[in-house]
Structures are given as structure tokens and as C-alpha cells.
Amino acid sequence: MSSASTPAKSISVAVVGVGGVGAEFINQLLAFPQPSPFRIVSLSSSKTHFFHPDGLSITNDSWRSELASAPNKLDFPGLVRELAGVVAPGQKVVLVDNTSSEDVAALYPTILGFGIDVITPNKKAYSGTLQLYERILSSALESGARFLNEATVGAGLPIISTLKDLVATGDKITKIEGVFSGTMSYIFNNFSTGAATGPAFSAVVSVAREKGYTEPHPADDLNGADVARKLTILSRYIPALRGALPDGYKSVATTSLVPAALAGVASGDAFIAQLPAFDAHYDAMRAAAAAEGKVLRFVGVVDVLSGTIKADLEKYDNTHPFATSLGGSDNIVMFHTERYSPRPLIVQGAGAGAAVTAMGVMSDLLKLV
Ligand SMILES: NC(=O)C1=CN([C@@H]2O[C@H](COP(=O)(O)OP(=O)(O)OC[C@H]3O[C@@H](n4cnc5c(N)ncnc54)[C@H](OP(=O)(O)O)[C@@H]3O)[C@@H](O)[C@H]2O)C=CC1
Ligand SMILES: N[C@@H](CC=O)C(=O)O
Ligand code: NA
């Protein structure tokens, strides 16, 4: 029974993926002030899951071991059907996808079609084919379910909400540019400081991985695909570019920093182990930039007027804001618009890491209350 001081637990939350971001999200959700409008009805790792329509009785100390010892193998389509049975008038169900799985992302149209909201930091769906993107939109429109993905760009930074607000209030975006990868930012903030020499490229990449900034496979950051995905997601919120990338991120002009010899390495561990053999190549790039008084930064551009969407390694003067004002995993995103001209609207801050990404997911969840 509900009352003003004890609201009904009216939002059932199913969490899929309990890696760095997923675990932090669960901790933030369990720490939400009581009485909470949320109840966790399901937790899934890539191996096991548990589900109870009335809510799970878990704590921050217990959920990992309980999930690890759960007898149920993960059957994701089966879980979706069970969740669909929980949807009822006044009873929202939201699936929070904290994986980087294509298979989970491919089911979003079905999930939304059941009236289940989807919240995710996973970029795979919205940066995929135009066809999948359009099916997500039409399923959400038909059922009224929400699809929210703030954490896919800039982690917890308000990038997507800012872009949506600019567009919804009638501003015209002319260009979005900046540093969109926390991993690339961390790497080049530490590797290319203006000096001709410094730490080994492979060592800096390893630290970025240890800090939880990289994708499960770090090559997905170094090959530029992660930035290309973010640019695709942003371009789809801009009316003039909505249909511009039929093949999604694969249509973005992208510079890869992965040595050709490592392009097919299947595991992240093997990739990290083999990267030191190529340090001399990156040393030469750093020295060449330093000789011109410049630093290296990996940037993305969505130029609405020319239709150019690209992810590239660029050289910037030592005095440029990309050289002087970025630290850690900082992203910086500049929105050039009709209203914000000639000076852009700028959002800057940590753009990767479990805590700030989970905060972005949590902020989307709060939009449902
Ligand atoms: N880390 C960051 O800073 C940011 C991450 N993101 C996005 O957040 C998502 C999660 O990232 P992160 O936590 O760092 O990555 P992790 O690799 O730490 O976690 C991903 C988890 O998903 C699990 N998983 C994979 N497939 C499935 C599946 N089919 N069902 C259930 N679980 C599955 C994996 O399990 P197992 O290990 O057993 O395979 C793993 O535990 C990614 O999409 C990433 O792009 C977005 C912004 C920033
Ligand atoms: N690997 C990504 C994580 C956030 O999207 C990054 O480094 O930015
Ligand atoms: Na964000």
C-alpha cells in the first residue's frame, strides 16, 4: 500500500551487464534515498541472471555473490518476455543495458515494443544502421516507451540533453566539435605534452584501460570507432543529418591509430601485450608534432553546413585550449549554433570512468520519475 511518505515502488528496473559501469550503477541505485520509487527486479551478467517480479532483496554487499551463484543461465529473450509480463498500468518497467553487446542492442525495438523503457550507455544500437535506429524510434513512438542514452556520449556530461534542448527550442546547429573519447583524451594528455619525448604510448594505453576508460577491447577506442559512434549518435539528433549515415558509424571518415599488424587481434589482453612492439612509431609522431611546437589530440567534428563528419588525429599549437585545458579523461564538446555564435556553448569534464558513466545512466533513470 502506498502513501505520500512511502511512494509505491512504481518503476521496476532490470539491469543487464554488471562490469565496471553496471556494478557502479547498481551501487548508486541501491544508495538512492529511501523511500525509493525504484525496485530492482532482475540482474544479469553474461553468464547468470535472477528475476523476481516483486523485486530482489539485495544489498551492496550481497548482489555480486548472489548473482555469481544464481542457478539460471542468462536467456535474454526469455528475460524480456518475463519483463513484458510486469508492465501494467501505473507499473513502469525499465531495462538498463550496461553491456557493449550488439545482441542486446538488436533487441531494443522488441523491448520498446513491449512498453519497456530502455536506458543505456551502450552505443551499439543508436550508432548502428539507419534501419535499426529507425526501428528504435518507431517502436518507442508506438508503445510510448522511452529510449534514453545520455551516457553514450561524454559519459555523465550533459551532451545529448544539451543537444536535444538546442534542437527542441528551435536553435540551428552549425557545427559540433571536440574531444569525445575519454581514452584518447587520457592517452594524448599524458603522451603528447609538447615535449619531444615522454612515456611510452603502450604504457599510457595500459593505464587508461586499468582506469576503466577503454572499451572492453581497447582497439575499439584506438581505431577511432568509439568516436565515430559518438559522432553518429549526435548527428542523428540533428534534423538535417538524421538520415546522413545509412551504415551508421562505418560511414564516418575515421583515422585509426591501430597498427595494421594488430587490426585482427581478438582479445584486449593480447592487444595490450603486443602494443609495445609499435612504440617507436608513436614516438616519431610525438616528436614530429613537438618539432612544430604542437601537441597531438584525437578530435571529432560534425559540420552540418558542409555535411562533413570525421574522427581524426590532429596537431594543435601548445597554446590551444585542447593542449592547455584538458586533463585526465576530459571530454570537451563545443556546440556552434545560430544562437551560440560566434562563441560556442562548451561542455567539459571527465568523459569516461565507471562513476561518471553510471551517473549519466542514473540521471536518465531519474527522468522517468
Ligand atoms: N567505461 C566507460 O567509461 C564508459 C562506458 N560506456 C559504455 O558502457 C558499457 C559498459 O562499459 P564497461 O562497464 O566499461 O564495460 P565492461 O566490459 O566492464 O562491462 C560490460 C559487461 O557486460 C557484460 N556482458 C556482455 N554481454 C552481455 C550479455 N549479453 N548479457 C549480460 N551481460 C553481458 C560483460 O560480461 P563478461 O565480462 O562476462 O563478458 C561485462 O561484465 C559499454 O557499452 C561502454 O561503451 C559508455 C561511456 C563511458
Ligand atoms: N571508451 C570510451 C568510454 C566512454 O564512452 C571512452 O574512452 O570515451
Ligand atoms: Na553524456
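User: How many nonpolar, polar and charged residues does the shell around ligand 1 have?
Analyst: In this predicted model, 32 residues surround ligand 1, and the closest are Gly19, Val21, Ser46, Ser100 and Ala352. Sorted by class, that shell has 13 nonpolar, 16 polar and three charged residues.

User: Which helix gives the largest share of the shell around ligand 1?
Analyst: Helix 1 (20-30), helix 4 (102-106) and helix 15 (354-366) each supply at least two residues of this shell. The largest share is three residues, and its source is helix 1.

User: Where does ligand 1 lie with respect to domain 1 and domain 2?
Analyst: The domain assignment divides the protein into domain 1 (11-155 + 356-367) and domain 2 (159-350). Residues of both domains contribute to the shell around ligand 1, so the place of the ligand is between domain 1 and domain 2.

User: How many residues of domain 2 are in contact with domain 1?
Analyst: Taken over C-alpha atoms, the centres of the two domains are separated by 28 Å. Contact here requires C-beta atoms within 7 Å. On the side of domain 1, 16 residues take part, and they meet residues of domain 2 numbering 24.

User: What is the make-up by class of the side of domain 1 that touches domain 2?
Analyst: The contact involves 16 residues of domain 1. By class, these are six nonpolar, eight polar and two charged residues.

User: Which residue around ligand 2 has a positive phi although it is not a glycine?
Analyst: The residues around ligand 2 include Ala155, Ser181, Thr183, Tyr213, Glu215 and Asp226; by class, the shell has three nonpolar, five polar and three charged residues. Most residues other than glycine have a negative phi. A positive phi of about 50° is found at a non-glycine residue of this shell, namely Ala155.

User: Is Ala155 buried or exposed?
Analyst: Ala155 is placed in the loop between strand 6 (147-148) and helix 7 (160-168). A residue counts as buried when 20 or more other C-beta atoms lie within 10 Å of its own. Because 27 other C-beta atoms lie within 10 Å of Ala155, this residue is buried.

User: Which residue does UniProt annotate as "active site", and in which helix does it lie?
Analyst: The unreviewed UniProt entry places this feature at Lys230. Lys230 is buried, with 29 other C-beta atoms within 10 Å. Its place in the chain is within residues 225-235, which form helix 11.

User: Which residue covered by the UniProt annotation "binding site" is in contact with Lys230?
Analyst: The "binding site" annotation, from an unreviewed entry, covers Thr99 and Lys123. Leaving aside neighbours within four places in sequence, the contacts of Lys230 are Lys123, Thr152, Val153, Phe180 and Gly300. Lys123 in turn touches Thr152, Arg229, Lys230 and Ile233 under the same exclusion. The annotated residue in contact with Lys230 is therefore Lys123.

User: What is the largest C-alpha distance within the "binding site" annotation that covers Thr99 and Lys123?
Analyst: Thr99 and Lys123 come under this annotation in the unreviewed UniProt entry. Although spread over 25 residues of sequence, they cluster in space, with a largest C-alpha distance of 9.6 Å.

User: Is Thr99 buried or exposed?
Analyst: Thr99 sits in the loop between strand 4 (92-97) and helix 4. Not counting residues up to four places away in sequence, Thr99 touches Val16, Gly17, Val104 and Asn122. With 23 other C-beta atoms within 10 Å, Thr99 is buried.

User: Within what arc do the buried residues of helix 9 fall?
Analyst: The buried residues of helix 9 (residues 201-210) are Phe201, Val204, Val205, Ala208 and Arg209. Seen down the axis, they line one face of helix 9, because they fall within an arc of 145°.

User: Against which helices do the buried residues of helix 9 pack?
Analyst: Among the buried residues of helix 9 are Phe201 and Val204. The packing partners of the buried residues are helix 8 (182-191), helix 12 (268-274) and helix 13 (279-291).

User: Which residue does a cis peptide bond join to Ser341?
Analyst: Most peptide bonds are trans. The bond in question is cis, with omega about 5°, and it joins Ser341 to Pro342. The loop between strand 11 (330-337) and strand 12 (345-350) is the place of Pro342.

Methods: Residues numbered from 1 in each chain as written. Chains lettered and ligands numbered in written order. Predicted model: local features only at pLDDT ≥ 70, side-chain atom pairs only at ≥ 80, totals over all residues. Domains from an automatic or database assignment. Contact = placed C-beta atoms within 7 Å. Nonpolar A, V, L, I, M, F, W, Y, C, P; charged D, E, K, R; others polar. Near = placed C-beta within 6 Å. Helix = DSSP H or I, 4+ residues; strand = E, 2+ residues; numbered from the N terminus. Buried ≥ 20, exposed ≤ 12 C-beta atoms within 10 Å, placed from the backbone. UniProt positions renumbered as here; feature names shortened; annotations may be inferred. Arc of directions from axis to C-beta.
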